[in-house]
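Colleague: I have a two-chain model open and would like to learn how to read it. Could you take me through it, feature by feature?

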Amino acid sequence: MNDSIHDVDILMVEDSPDDAMLIIRELKKNNLSNRLVHLTDGVQALDFLFCKGTFSDRNIEHKPKLVLLDLKMPKIDGLQVLREIRQDPRTRSIPVVMMTSSREERDIAETYNLGVNAYVVKPVEFDNFSKAVTEIGMFWLLTNQSPK
Amino acid sequence: VLTGIPIKQKVLRALMLTSGLVLLLTFSSFLIYEVITFRQNAVRQLSIQAKIISSNSTAALAFDSRADANEMLAALKAEPHIEVAAIFDKGGQLFSSYPTDNSLQIPAPASFKEMHYFERGHLISYEPIVQNNTVLGVLYLKSNMNAMYDRLQLYATIAGIVSIVSFIMAYIFASWLQRSISWPILALAETAKIISEKKDYSVRAEKTEDNETGVLTDAFNQMLAEIHAQNEQIQSFNQNLELTIQKRTQDLEAANKEMEAFSYSVSHDLRAPLRSINGYSKILLEDYSDKLGEQGKQTLNTIIRNAIRMGQLIDDLLHFSRLGKQSVKKVNLDMNSLVRNVCDELAEQYPKKADILIKPLPPIDADSSMIRQVIQNLISNALKYSMRKENAKIEIGAYPENDHLTYYVKDNGAGFDMKYYDKLFGVFQRLHSANEFEGTGVGLALVQRIIAKHEGRIWAEGKENEGATFYFTLPTNHH
């Protein structure tokens, strides 16, 4: 994890430390985790993105290149975080990828209605899981071009 | 005369008919009595007159004095009803006549005995003229019955007037009387009509008399009360039923919601730990393989394999339970291309080539993704269970029957023992062990559920080590 909270590539919001470690490990393998911040619930995520609370000295203009969002989280869930990101013009353009265990149709539909950039079901099988994480990291950090 | 007319008219007519008949009988009997007594009187009176004349004319006959006889007979002018009178001598020759007109055809007496008879509206009388037991001749009298006819005419006139008056009176009385007979019945009929029109069973008929109509009214009211009570009972039953249904529906909805919440959290929370088991086992394999040794690696691989299998089970089960809520969206399905697509996809998963024969398959109206799952499950089963055969052969075909199409997938693989047929379509029921053929035991249960949702039938035939054939039907009639 990067200590700097000012210049962030990936904001990962994931309440399961086990899943988080697996994701970070895969990203690290591909050298994508140098500027990654890991937060464990929706409240922290919103504080970070809107520079409030412990993150009040952050500059909102320094947007992460990618937000990896877990759907089910304590306090404020992924859907709510996504909704607030999309409602605020300052954060609207941040790419958000929802990562979740759920294949439920209503979760997918709702997430897309709120304007998610991708919905990824975390595979149980590890090879597929690592492949998915690597592809997401590669695409959004290296291939994709976001507005400044 | 009395059928099919209103009861008021019926009673009135019955009364009028009866009184008319009584009047007719009364007048007829009086008339007959009158005629008989009048005729008896007429005979008696004429006989008396004849006797007087005959006893008076003995002298005229005895002395052969026609003038005396004529004079005596002429006195009959005072009796206008006597039209003709004549005296015959003992030789039967006309001696004297009244009137004296010779043109009168007076029949000669047949005998010299006293006799009376009626002839063409006249009374004829013969009276012998006797002196000292010696018959001198006979007297002939012909009297008309005008007096009787006059009397009868008068009688008829009176009878007519009386009849008309009594008929009118009878009509008035009958009209008044029939009301008391028909009114309770009419009132009952009116009540019945109101009830059947308004369907209001709380209305009651009013009882006016303590006779048969009263009994009728009571019975009618009792019947109404019973219907009313029964209606109320039915209504309360219905209400109870509705309440029960409402409660059941609520329970069911609650159970459904619970089930949904359950499957939602299963889908979220049950897979996460499996991912960790998998992932961290993999990390061990990747980062510490030199320390683990062959047995350690094998153990970890077993853990990984089982975690993956568990994940597959959860996925299949969720899929199966979600199917219950899904509705069938029928479209016209090209079964040929669907089966070919599925076969192409599966060919990648099952590298060992099987000889697949696809016969012409008629199209059907069914849910595209559901039927695809059915076909996929059946063909992948066929491929899986014939994997170990030298010449694996799979045949897919269809044939029409009455109102449905039957499709089948046939293989010559491991087959199954018909003894265990009842377990074939059960959830988590398997007829082969996991190391023989892998699988979760959800596939055929899923297939059966989909076919049931389409109102079709599914069944199978099999023989151990010789193969199995799975049939399913889909209805062709359009709803």
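Modeller: Happily; we will go from one chain, to the place where the chains meet, to some single residues. This is a predicted model, in which local features need pLDDT of at least 70 and side-chain atom pairs count only at pLDDT 80 or more, while totals for chains, interfaces and linings use all residues. Residues are numbered from 1 along each chain as its sequence is written, chains are lettered from A and ligands numbered from 1 in the order in which they are written, and side-chain values use heavy atoms, with hydrogens and water left out.

Colleague: How many helices and strands does chain A have?

Modeller: Helices (H or I, at least four residues) and strands (E, at least two) are DSSP runs, numbered from the N terminus. Chain A has 5 helices and 5 strands, and along the sequence they follow the pattern β-α-β-α-β-α-β-α-β-α.

Colleague: What share of chain A counts as buried?

Modeller: Buried means under 20% relative accessible area, exposed means over 50%, and partly exposed is in between (1.4 Å probe, protein chains only). Of the 148 residues of chain A, 55% count as buried. You can also look at contacts, which means heavy atoms within 4.5 Å. Among contacts in chain A between residues at least 6 apart in sequence, 66% join residues at least 24 apart.

Colleague: Now the interface. How many residues does each chain bring to the contact?

Modeller: Chain A brings 24 residues and chain B brings 22 residues. Buried area is the accessible area (1.4 Å probe) that two parts lose on being put together, summed over both. Here the two chains bury about 2,100 Å² between them, with 48% of it on carbon and sulfur atoms. A:K72, A:E104 and A:V124 supply 30% of the area that chain A buries against chain B, more than any other three residues.

Colleague: And how many salt bridges are there between chain A and chain B?

Modeller: The general idea first: side chains of opposite charge can pair when their charged atoms come close. The cut-off for a salt bridge is a side-chain nitrogen of Lys or Arg within 4 Å of a carboxyl oxygen of Asp or Glu. There are 6 salt bridges between chain A and chain B. One of them joins B:D269 to A:K72, with the closest N and O atoms 3.0 Å apart.

Colleague: Which helices of chain A supply the side that touches chain B?

Modeller: α1 (17-29), α4 (105-113) and α5 (126-143) of chain A each supply at least two residues of that side. α1(A) gives the most, with 7 residues. For residue classes, Ala, Val, Leu, Ile, Met, Phe, Trp, Tyr, Cys and Pro count as nonpolar, Asp, Glu, Lys and Arg as charged, and the others, Gly among them, as polar. By that scheme, the side of chain A that touches chain B has 9 nonpolar, 3 polar and 12 charged residues.

Colleague: Take A:R25: is it buried or exposed?

Modeller: A:R25 is buried, with a relative accessible area of 15%. This residue is found in helix α1 of chain A. Leaving aside its neighbours within four places in sequence, A:R25 is in contact with B:I283, B:E286 and B:D287.

Colleague: Which chain elements hold A:D127 and B:K282?

Modeller: Their side chains meet in a salt bridge (3.3 Å, N to O). A:D127 lies in helix α5 of chain A and B:K282 in helix α5 of chain B, so the pair joins two chains. A:D127 counts as partly exposed at 36% relative accessibility, while B:K282 counts as buried at 18%.

Colleague: What about a salt bridge inside one chain?

Modeller: Try A:K75 and A:D41, whose closest N and O atoms are 3.8 Å apart. The pair links distant parts of the chain, 34 residues apart: A:K75 is in the loop between β3 (66-70) and α3 (78-87) of chain A, and A:D41 in the loop between β2 (36-39) and α2 (42-49). A:K75 counts as exposed at 70% relative accessibility, whereas A:D41 counts as buried at 7%.

Colleague: Why is α8(B) described as largely enclosed?

Modeller: 14 of the 18 residues of α8(B) are buried, so this helix is largely enclosed by the rest of the structure.
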